[in-house]
Amino acid sequence: MIKASLIIERYLYKNEVFKNKSPLNRDNTFDRYIKLKKELKNNFIDISTADINIPEDSQIIIYVNTPKKFIKENNKLYVLFLVENGTIWPRNQKKINHELFDIVFTWNDKLVDEKKYYKFNLSYSRENISQNILSSKRTKLVNAIFGKKFKKNTLYKERLRLIKFFDKKKEFDLYGFGWDNFFFNKYPFTYFNRFKFLQKIFISLRLNFKSYKGTIEDKLSTMELYDYSVAFENSSDYEGYITEKIFHPMMAGSIPIYLGASNISKYVPSNCFIDFRDFRSLEDLYEYLKNLSENKKSNFRLNIKKFIFSKQFLQFDSLQNAKKISKIILDTYTKKNETKIF
């Protein structure tokens with residue numbers, strides 16, 4: 001077996017990222033890694049996190065997001081997954097940071113050349129799909145599930161603007177961590193959020209939303225209760241950067257209100273979501289949501305189900321991605337070492 005070392009955030013070490021029953025595997029987000037491990041094993045590659053398969057003893061080194069620096073050994077294969085966009089992970093944005101890697105998997109179509117840069121979408125399991133995906137028996141109107149985060153050049157301001165508007169409506173619920181705490185929300189003062197004693201001092205200045213319902217353990221089962229789910233990405237500046245923000249509501253049968261990738265309709269049919277950009281104001285959006293007929297909502301959910309079980313969705317399917325990635329890694333490793341793997 002060829003050893004592969006996965007260098008990822010340390011809280012996912014001890015192979016935690018490959019454990020289906022891990023308490024960290026919320027909403028089955030580890031599925032893409034679990035299936036990748038299985039497919040690599042089918043191709044005679046044993047992948048484990050870097051504390052188990054240490055890089056010094058591994059033939060394939062895989063990084064999730066661009067590291068600050070690393071030393072390349074010529075006899076090893078180096079693989080990079082560009083998971084985060086440039087706003088969240090600035091080092092991912094500069095091509096000079098990719099030069100030492102043999103393979104780069106990315107969601108960014110502008111980089112893809114199928115020689116070094118290969119197309120890769122954040123992927124999900126169809127096993128997550130709710131049995132009630134077509135159900136019209138939903139007791140609530142709109143939800144938003146967001147952590148209270150602050151980062152320059154993100155869609156946080158748009159999220160906050162929407163939350164403030166809908167907080168005045170009875171039909172809206174807000175979930176996520178941090179909304180009951182005080183945080184500085186102006187850059188560069190966000191630096192001070194790391195000091196907990198300052199949060200306690202300024203607690204009286206926190207945002208108080210009547211719609212806030214706390215944190216949740218199961219996002220999908222919560223979304224099942226709502227006709228609509230707010231699905232805003234972290235940023236709208238990156239074509240092709242499409243995350244669970246739109247797919248989790250869809251799998252729960254909750255119609256996404258989407259804002260993010262400007263070319264979203266290239267990947268997801270426009271009859272599967274509500275495009276936030278189509279509305280002149282939040283009041284217009286609210287009136288649309290309130291007055292949409294049950295028949296039209298049912299059509300949205302039917303279109304969503306058809307899409308998830310279509311060929312078009314396969315580019316976001318974790319098993320299909322795992323098979324594609326494994327083959328590319330094995331073929332490149334074999335070519336690099338001019339050996340055959342039996």
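Which charged end sits over the ring of tyrosine 286? Select tyrosine 286 in this predicted model, and the charged end that you find over its ring is that of lysine 169, 4.5 Å from the ring centre. A second arrangement of this kind can be brought up by selecting phenylalanine 18 together with lysine 37, where the lysine lies over the face of the ring at 4.9 Å from its centre.

**The aromatic pairs**

Next, colour the aromatic side chains, among which the count comes to 23 aromatic pairs. Begin with phenylalanine 247 and phenylalanine 313, whose ring centres are 5.9 Å apart and whose planes stand at 75°, so that the pair is edge-to-face. This pair links distant parts of the chain, since phenylalanine 247 belongs to helix H5 (residues 244–252), while phenylalanine 313 is in the loop between helix H8 (294–308) and helix H9 (318–337), 66 residues apart. Both phenylalanine 247 and phenylalanine 313 are buried.

Keep phenylalanine 313 selected and add phenylalanine 316: here the ring centres are 6.3 Å apart and the planes lie at 45°, so this pair is tilted. Phenylalanine 313 counts as buried at 0% relative accessibility, and phenylalanine 316 is likewise buried, with a relative accessible area of 0%. Widening the selection to Tyr124, Phe247, Tyr267, Phe307, Phe313 and Phe316 displays one aromatic cluster.

**Helix H2 and its cover**

Move now to helix H2 (residues 156–166), and show the side chains of its buried residues, which are Tyr156, Arg159, Leu160, Leu162, Ile163, Phe165 and Phe166. To see what covers these residues, display the elements that include strand S7 (140–145), strand S8 (172–175), strand S9 (226–232), H5 and helix H7 (282–291).

**The cavities**

Rolling a probe the size of a water molecule over the atoms shows where empty space is left. In this model the count comes to two cavities of 30 Å³ or more, and the largest cavity holds about 150 Å³ of space. Of the 15 residues that line the largest cavity, those closest to its centre are Arg32, Tyr33, Leu36, Phe81 and Phe120, which make a convenient selection for centring the view. Helix H1 (31–42), strand S3 (60–64) and H9 are the elements that give two or more residues to this lining, and H9 provides the largest share, four residues. By class, the lining of the largest cavity divides into 10 nonpolar, four polar and one charged residue.

For the second largest cavity, with about 40 Å³ of space, select the lining residues Asp27, Asn28, Thr29, Asp31, Arg32, Ser123, Tyr124, Ser125, Asn128 and His248. The lining of the second largest cavity has one nonpolar, six polar and three charged residues.

**Arginine 32**

Which residues does arginine 32 touch, not counting residues up to four places away in sequence? Select arginine 32 in helix H1 and show its surroundings, where the contacts are with Leu122, Ser123, Tyr124 and Ser318. Arginine 32 counts as buried because its relative accessibility is 19%, and the cut-off for that class is under 20%. This residue is one of those closest to the centre of the largest cavity, and Arg32 also lines the second largest cavity. As a last step, draw a C-alpha to C-alpha distance from arginine 32 to isoleucine 304, which are 272 residues apart in sequence and 21 Å apart in space.

Technical notes. Residues numbered from 1 in each chain as written. Predicted model: local features only at pLDDT ≥ 70, side-chain atom pairs only at ≥ 80, totals over all residues. Heavy atoms only, no water. Phe/Tyr/Trp six-rings, centres within 6.5 Å; stacked < 30°, edge-to-face > 60°. Buried < 20%, exposed > 50% of the residue type's maximum accessible area, 1.4 Å probe, protein only. Lys NZ or Arg CZ within 6 Å of the ring centre and 35° of its normal. 1 Å grid on protein atoms, 1.4 Å probe; cavity = no way out; pocket = protein on both sides within 12 Å on 5 of 7 lines; lining within 4 Å. Points joined across faces, edges and corners; volume = space filled by probe spheres on them. Nonpolar A, V, L, I, M, F, W, Y, C, P; charged D, E, K, R; others polar. Contact = heavy atoms within 4.5 Å.
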